[in-house]
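Got the viewer open and a selection box ready? Here's a walk through the structure, one selection at a time.

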Amino acid sequence: MKIYDVRGFGAVGDGKTLDTEAIQQAIDTCAGDGGGRVVLSGPFVYRANTLFLKSNVEFRVETETVLKCGDDRFAFPHDCFLYAENQENIVLSGDGVIDGNYEAFLDVVSQYHKAGYQDRRPRLMILDQCRHISIRDLTMRGSTNWTCHMSGCDDISISNLRILNDLAQANSDGIDLDHCRNARITNCYISCADDCIVFKNTRAHKEYGPCENITVTNCTLTSTSAAVKFGSESVSDFRNIIVSNCIITDTNRALGLQLRDEGNIENVLFDNIIIHTRRFYDRYWGKAEPIYVTSLARAPEKPSGYIRNVRFRNIIAHCENGALIEGSFAGQVSGISLEDVKLVIGKHSKWEGGIYDRRPTYENDMIHDRTNGVRIVCADDISLRGVQIEWEPEAVQEYYGEALYAKNVRDLELDRFRGSGAHPGQSAVLLEDTTVLGKE
């Protein structure tokens, strides 16, 4: 493989000089020659504005090397640092660092929340309609907006990637797969404000079709929003997605299926996952739910889609809130199973509890009610097998309630369900307008 060192094209790497033109020339020359490897070596810090990745080019940031985003927020075409459109065989690799320089784009800073300029906050990377993508071994840090946004992409491999963003930096998602297909995310460590791994179907890219055929394995995730989320932008379908062998720590919401538009979710498996959730700053969506399955309309004139055939299996969670499953009308949410799931619930943060966060929806964003181990509202064909609810004795709150609450549920299956009410004399199970399989 032919090597194209950016220093041979005039890059300085002194941490001050903008090396945009030199790095881009190395990329363009490599692509023009039919492909190869563009290398940023160190120990140097290369500063640049938007760089355009090209087909058949491996872009490699070596050990002890940093590629850092420039300071001028008006100097980024496509509002991103690394960009590619309709390219193929793109590789980003190396043990170095790609730094989004988020401090340069801050507008409002408070104790728990940092917001960037609304008109210009470059995403660290956008790949649009690209094919055969590999991202491996890098560290990406300090993004002021979404870190890795891929829209309409096919055949994606992301492995051994570290994403380290400020836990107060709003909108600093880790990986956003937007209308993408055939993706594998493995062995990654992601710590960020907003969501770690998101499956999206945005309206702007609706023509790209469903988000499908995706696996997430062996990842460690920390988020002040959701660790793994579907939605809330969901104008197309999500299907055939597996999340397994992951550890989720210090997270505001762990596993979230959040339909708010006309798209659907089906054929999703969550397996072998350890979870710890706690409340964060009130401006973030979520109230420490370990499992969150909801289909609620964003606007009154257009119902949200259906959720079918979703399984949660072999999950252990320590959490401040229980699991929530909720639909808007009969048949909309169905075929949901929890198998060998243990939830240990107790309050440990200072933030208000006894709230179910349904945002974004056009009415009743917040429901103030008892916290249940599992709460199911308006759903069909729900199976709870080997589900265990425990309340931490020293962290039980007044608003903690039944281990299971179900309302307007058809065909609820209970097999080896174990749990009690949070307080002495409180019912373990409360059913309203609910039919239980095997019982008259």
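**First stop: a buried lysine**

Start by selecting K200, which is buried, with a relative accessible area of 5%. Bear in mind as you click around that this is a predicted model. Now add E233: the two form a salt bridge, with the closest N and O atoms 2.8 Å apart. Trace the backbone and you'll see that the pair links distant parts of the chain, with K200 in strand β22 (residues 197-201) and E233 in strand β25, 33 residues apart. E233 counts as partly exposed, because its relative accessibility is 28%.

**Loop to loop**

Next, pick D261 and R203, whose side chains meet in a salt bridge (4.0 Å, N to O). D261 sits in the loop between β27 (253-259) and β28 (265-277) and R203 in the loop between β22 and β23 (211-217), so this contact ties together parts that are 58 residues apart in sequence. Which of the two partners is buried and which is partly exposed? D261 is the buried one, at 9% relative accessibility, while R203 is partly exposed at 43%.

**A salt-bridge network**

Now select R37, E58, R60, E62 and R136 together; salt bridges link them in a network. Zoom in on E58 and R136, where the closest N and O atoms are 3.8 Å apart. That pair also joins distant parts of the chain: E58 belongs to strand β6 (residues 57-61) and R136 to strand β14 (residues 131-136), 78 residues apart. E58 is buried at 6% relative accessible area, whereas R136 counts as partly exposed at 30%. If you feel like hunting for others, the whole structure has 34 salt bridges.

**The largest pocket**

Back to strand β25. Select residues 226-234 and you have the element with the largest share of the lining of the largest pocket, three residues. For the middle of the pocket, show N171, D173, D194, K229 and W285, which lie nearest its centre among 18 lining residues. The space here is about 400 Å³. Colour the lining by class and you should get nine charged, five polar and four nonpolar residues.

**The second largest pocket**

Move on to the pocket of about 200 Å³, the second largest. Its lining takes two or more residues from each of β31 (323-326), β35 (374-385) and β37 (404-415). To see the walls, select L324, E326, Y356, R358, N364, I367, R375, V377, C378, Y405, K407 and N408. By class, they split into six nonpolar, two polar and four charged.

**An enclosed space**

Rolling a probe the size of a water molecule over the atoms shows where empty space is left. How many cavities of 30 Å³ or more are there? The count comes to one, with a volume of about 70 Å³. Show its lining by selecting R279, K287, E320, N321, K347, E352, G353, G354, I355, T371 and Y399. Five of these lining residues are charged, four polar and two nonpolar.

**Last stop: a nonpolar patch**

Switch to a surface view and colour I247, I274 and I316, which make a nonpolar surface patch of about 250 Å². Of these, I247 lies in strand β26 (residues 238-251). I247 counts as partly exposed, because its relative accessibility is 38%.

Conventions
Residues are numbered from 1 along each chain as its sequence is written. This is a predicted model: local features need pLDDT of at least 70, side-chain atom pairs count only at pLDDT 80 or more; totals for chains, interfaces and linings use all residues. Side-chain values use heavy atoms; hydrogens and water are left out. On a 1 Å grid over the protein atoms alone, a cavity is a set of points where a 1.4 Å probe fits but cannot get out, and a pocket is an open set with protein on both sides within 12 Å along at least five of seven lines; lining residues have an atom within 4 Å of a point. Grid points are joined across faces, edges and corners, and a volume is the space filled by probe spheres set on the points. Ala, Val, Leu, Ile, Met, Phe, Trp, Tyr, Cys and Pro count as nonpolar, Asp, Glu, Lys and Arg as charged, and the others, Gly among them, as polar. Helices (H or I, at least four residues) and strands (E, at least two) are DSSP runs, numbered from the N terminus. Patches are made of residues with over 30% relative accessible area and no salt bridge: like charges are joined within 9 Å, nonpolar side chains (Val, Leu, Ile, Met, Phe, Trp, Tyr) within 5 Å. Accessible areas come from the Shrake-Rupley method with a 1.4 Å probe; for residues, only the protein chains shown count as cover. Buried means under 20% relative accessible area, exposed over 50%, partly exposed in between (1.4 Å probe, protein chains only).
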